[in-house]
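Please open the model in a viewer and keep the selection tool at hand. The tour below proceeds from the whole chain to its sheet, then to the helices and to two individual residues.

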Amino acid sequence: LARVLPLTEIQKKQLKLVSVKYTFSITPYYLSLVRANDPNDPILAQSLPSFEELVYGDYGEEDPLHERVDSPVLGVVHRYPDRALFVITDICPLLCRHCTRKREWDGDNWWVRRTPQLEAAIDYLRKTPAIRDVIISGGDPLTVDNDGLEWILSRLRSIPHLEMIRFGTRFPVVLPQRIDEGFCRICDKY
């Protein structure tokens with residue numbers, strides 16, 4: 001990071017300290033949009049680790065949106081009667097500093113749900129006819145390859161009561177190159 005942004009020695013030390021507890025990730029594309037000499041750059045504000053994360057990191061709740069309480073099965077958050085969040089991974093191309101799932105951040109143990117976990121979540125969605133809207137989320141679901149996404153979409157699309165299937169993703173902003181022809185073809189298909 002210090003090779004592309006003008007950082008003071010204090011900032012470098014603080015970044016190292018914060019990154020031990022709350023890892024850091026930004027795509028080269030998104031970083032290229034930063035106004036390097038602007039301390040108020042909005043991209044840096046949401047992307048760059050702040051020393052305050054260590055100072056205030058233990059305040060508040062680990063699960064501020066109480067997603068665990070609303071998870072009837074691993075990978076599904078079902079808070080509202082007609083919609084559900086389908087969390088398929090904790091991997092993100094950009095680790096937003098305001099993330100409500102920081103509890104998932106572990107630079108050594110990133111995960112994508114395994115087939116049995118995905119099948120159990122899809123089975124729950126199938127058996128819950130009140131759900132008409134599913135948001136595939138994560139982390140960022142577009143970190144999963146096109147074959148994996150197609151597998152998921154084909155199963156979700158086979159559920160008659162699902163009217164909407166959406167992606168909760170930042171890829172169009174942080175790495176638009178990910179929205180490739182193959183992904184578009186899959187979206188058209190399902």
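A residue is called buried here when its relative accessible area is under 20%. By that criterion, 39% of the 190 residues of the protein count as buried. The model is a predicted one.

**The whole chain**

Begin with the full C-alpha trace, which spans about 55 × 40 × 25 Å along its principal axes. Colouring by secondary structure will show 8 helices and 4 strands. Followed along the sequence, these elements give the pattern α-α-α-α-β-β-α-β-α-β-α-α. If a surface is displayed next, its accessible area comes to about 10,900 Å², and carbon and sulfur atoms contribute 55% of that area. Among contacts with a separation of 6 or more, 74% are between residues 24 or more positions apart.

**The sheet**

Now select the 4 strands together. They form an open sheet in the order β1-β2-β3-β4, with mixed pairing. Which strands stand at the edges? They are β1 (76–80) and β4 (164–167); each has a single partner strand, so one side of each is left without a neighbour in the sheet. Viewed along the sheet, neighbouring strands are turned against each other by 20° on average, direction ignored.

Start at the β1 edge and move across.

- Select β1 and β2 (83–87). The two strands form a hairpin with 2 residues between them, and they pair in the antiparallel sense over 3 bridges. Within this pair, V76 stands opposite F86 of β2.
- Add β3 (residues 133–137). Strands β2 and β3 run parallel and are joined by 5 bridges. F86 reappears here, standing opposite I136 in β3, while A84 has V134 of β3 as its bridge partner.
- Add β4 to complete the sheet. Its pairing with β3 is parallel, over 4 bridges. D133 has M164 of β4 as its bridge partner, and I135 stands opposite R166 in β4.

**Inside the sheet: β2 and β3**

Keep β3 selected and display its side chains. In a regular strand the side chains alternate between the two faces of the sheet. On one side of β3 are D133, I135 and S137, and on the other are V134 and I136; all of these are buried, and both faces of the strand are thus covered. With 5 of its 5 residues buried, β3 is largely enclosed by the rest of the structure. Turn to β2, which is mostly covered, 4 of its 5 residues being buried.

**Helices lying across the sheet**

Select helix α5 (residues 115–126), which lies across β1, β2 and β3. Its direction is at about 175° to β2. Next select α6, which lies across β2, β3 and β4 and runs at about 155° to β4.

**The α6–α8 pair**

Two packed helices are described by the angle between their axes and the distance between the axes. How do α6 and α8 stand to each other, and at what angle? Helix α6 (residues 146–157) packs with helix α8 (residues 181–189) at an angle of about 5°, and their axes are 10 Å apart. Angles under 35 degrees count as roughly parallel, and α6 and α8 are therefore roughly parallel to each other. To see the contact itself, display N146, L149, E150 and L153 of α6 together with G182, F183, I186 and K189 of α8. By class, this contact has 4 nonpolar, 2 polar and 2 charged residues.

**Two residues for closer inspection**

Centre the view on T27, in the loop between α1 (9–21) and α2 (28–32). Is T27 buried or exposed? Its relative accessibility is 7%, and T27 therefore counts as buried. Leaving aside residues up to four places away in sequence, T27 touches P93, V174 and L175.

Finally, select P42, which belongs to helix α3 (residues 42–47). P42 has a relative accessible area of 46% and is partly exposed. For a last distance in the viewer, pick the C-alpha atoms of P42 and R68: the two residues are 26 apart in sequence and 31 Å apart in space.

Methods
Residues numbered from 1 in each chain as written. Predicted model: local features only at pLDDT ≥ 70, side-chain atom pairs only at ≥ 80, totals over all residues. Heavy atoms only, no water. Axes fitted to C-alpha atoms, helices over the stretch in contact; angles between N-to-C directions. Parallel < 35°, antiparallel > 145°, perpendicular 65-115°, else oblique. Contact = heavy atoms within 4.5 Å. Nonpolar A, V, L, I, M, F, W, Y, C, P; charged D, E, K, R; others polar. Buried < 20%, exposed > 50% of the residue type's maximum accessible area, 1.4 Å probe, protein only. Areas by Shrake-Rupley, 256 points an atom, 1.4 Å probe, with all protein chains shown as cover. Pairing = 2+ DSSP bridges.
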